[in-house]
Amino acid sequence: GRGAVDFRTMQCSLHNNRRFLGRLIYRWEPHYGGNPCELNCMASGYSFYFSFGKVLDGTRCYADPQKKNMCIGGECLQVGCDGVLGSGKEEDACRVCGGNNATCVNVRKAYMTSFPSSGAFGYNEVAMIPAGAMHLKIEDTSRNYLALMRQDETSYVINGNWIIDWPGVYDVRGMPIRYERRAENEVINSVGPIPEDLHLMILFRETNPGIHYEFWLPLDRYNAMVRQPGSNFLGGGGHVEGEYPRPQWPP
């Protein structure tokens, strides 16, 4: 997390307010690129960086907090999901350390309804994304907008109340959800597990060419939802179905 990234920042900051090549550099900031276990620092206000040698042992190799790799003796070593250096253990799709995807089900669907059921353009529900969903990915390739409504069915996480949000990372009770948008392509994803039921909505502006979404759900949660009558997570009209355990992860 932040502490690991700040450790590298602290090492760069040790060179602050010193003369370097005849200039007084007030602040050095981490520069990621090249060997991740070199202390590469960018001179703030200048367009150059400098390598001050190896980072200290225990420095994270990468800025991405999902990557646990750590520098030891100038080498980037893998930290297993069990916290043990070099164990090689990884989380499976069910977020079980060292698991084999046996405790969850992969749900993949496409919402193919072309026009709003009411005939009026605006918000329409695509599906309910259940609490506990992991490795959520939603894709849209149209001028329509995806939206995520919270469990209370009044507030939105993304693109609610006719206000289109900037791409970025949004928060649901501490769980980050990433929203990306480029031209006519939108992606919403989250590692999960999602802490509450979320309603996936579409803000119709034109014909829907198809919204594709998938997630992994713990077996007990999945079985309970299958038994629940009228669960729209299973998709009403206009959905293409597909639920099955998938042997390989990542896909």
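**View 1. Ala127 of strand β10 is paired with Leu200 of strand β17.** In this predicted model, the bridge partner of Ala127 is Leu200, which belongs to β17. The two strands, β10 and β17 (residues 198–203), run antiparallel and are joined by six bridges. They belong to an open sheet of four strands, which follow one another in the order β10-β17-β12-β13 with antiparallel pairing. The edge strands of this sheet are β10 (123–129) and β13 (156–158), each of which pairs on one side only. From one strand to the next, the twist of the sheet averages 30 degrees.

**View 2. Strand β12 is placed between β17 and β13 in the order of the four-stranded sheet.** Towards β17, strand β12 pairs in the antiparallel sense over five bridges, and here the bridge partner of Leu148 is Leu200. Towards β13, the pairing of β12 is again antiparallel but rests on two bridges, with Ile158 of β13 as the bridge partner of Leu148. The strands β12 and β13 also form a hairpin with six residues between them, in which Glu153 takes a positive phi near 65 degrees.

**View 3. Both faces of strand β12 are covered.** Which residues lie on each side of this strand? Tyr145, Ala147 and Met149 are found on one side, while Leu146 and Leu148 are found on the other, and all of them are buried. In a regular strand, the side chains alternate between the two faces of the sheet. Because five of the five residues of β12 are buried, the strand is largely enclosed by the rest of the structure. For the protein chain as a whole, which has 251 residues, 39% count as buried.

**View 4. Tyr145 has contacts with residues from several places in the sequence.** This residue lies in strand β12, which covers residues 145–149. When the neighbours within four places in sequence are left aside, the residues in contact with Tyr145 include Asn159, Ile164, Tyr179, Arg181 and Glu186, and also among them are Met201, Ile202, Leu203 and Arg205. Tyr145 and Ile202 are 57 residues apart in sequence, yet their C-alpha atoms are 5.8 Å apart in space. Across the protein chain, 59% of the contacts between residues at least 6 apart in sequence join residues that are at least 24 apart.

**View 5. Strands β3, β4 and β5 form an open, antiparallel sheet in the order β3-β4-β5.** The edges are taken by β3 (28–30) and β5, each with a single partner strand, so one side of each has no neighbour in the sheet. Neighbouring strands are turned by 40 degrees against each other on average, when direction is ignored. Between β3 and β4 (residues 38–43), the antiparallel pairing extends over three bridges, and the bridge partner of Pro30 is Cys41 in β4. Between β4 and β5, the antiparallel pairing extends over four bridges, with Met42 standing opposite Tyr49 of β5. These two strands, β4 and β5, form a hairpin with five residues between them, and Gly45 in its turn has a positive phi of about 90 degrees.

**View 6. A cluster of aromatic residues is linked by ring pairs.** The members of the cluster are Phe20, Trp28, Tyr46, Phe48, Phe50 and Phe52, and the structure as a whole holds 10 aromatic pairs. One of these pairs is formed by Phe20 and Phe50, which meet edge-to-face at 4.8 Å centre to centre, with 65 degrees between the planes. Because Phe20 lies in strand β1 (residues 18–20) and Phe50 in strand β5 (residues 49–54), this pair ties together parts that are 30 residues apart in sequence. The rings of Phe50 and Phe52 have their planes at 70 degrees and their centres 5.0 Å apart, so this pair is edge-to-face. How far is each of these residues covered? Phe20 is buried, with a relative accessible area of 15%, whereas Phe50 is partly exposed at 35% and Phe52 is partly exposed at 24%.

**View 7. Lys67 lies over the face of the ring of Tyr62.** The distance from Lys67 to the centre of the Tyr62 ring is 5.0 Å. As a setting for this and the other views, the protein chain has two helices and 20 strands, and exposes about 13300 Å², of which carbon and sulfur atoms supply 53%.

Conventions:
Residues numbered from 1 in each chain as written. Predicted model: local features only at pLDDT ≥ 70, side-chain atom pairs only at ≥ 80, totals over all residues. Heavy atoms only, no water. Pairing = 2+ DSSP bridges. Axes fitted to C-alpha atoms, helices over the stretch in contact; angles between N-to-C directions. Phe/Tyr/Trp six-rings, centres within 6.5 Å; stacked < 30°, edge-to-face > 60°. Buried < 20%, exposed > 50% of the residue type's maximum accessible area, 1.4 Å probe, protein only. Lys NZ or Arg CZ within 6 Å of the ring centre and 35° of its normal. Contact = heavy atoms within 4.5 Å. Areas by Shrake-Rupley, 256 points an atom, 1.4 Å probe, with all protein chains shown as cover.
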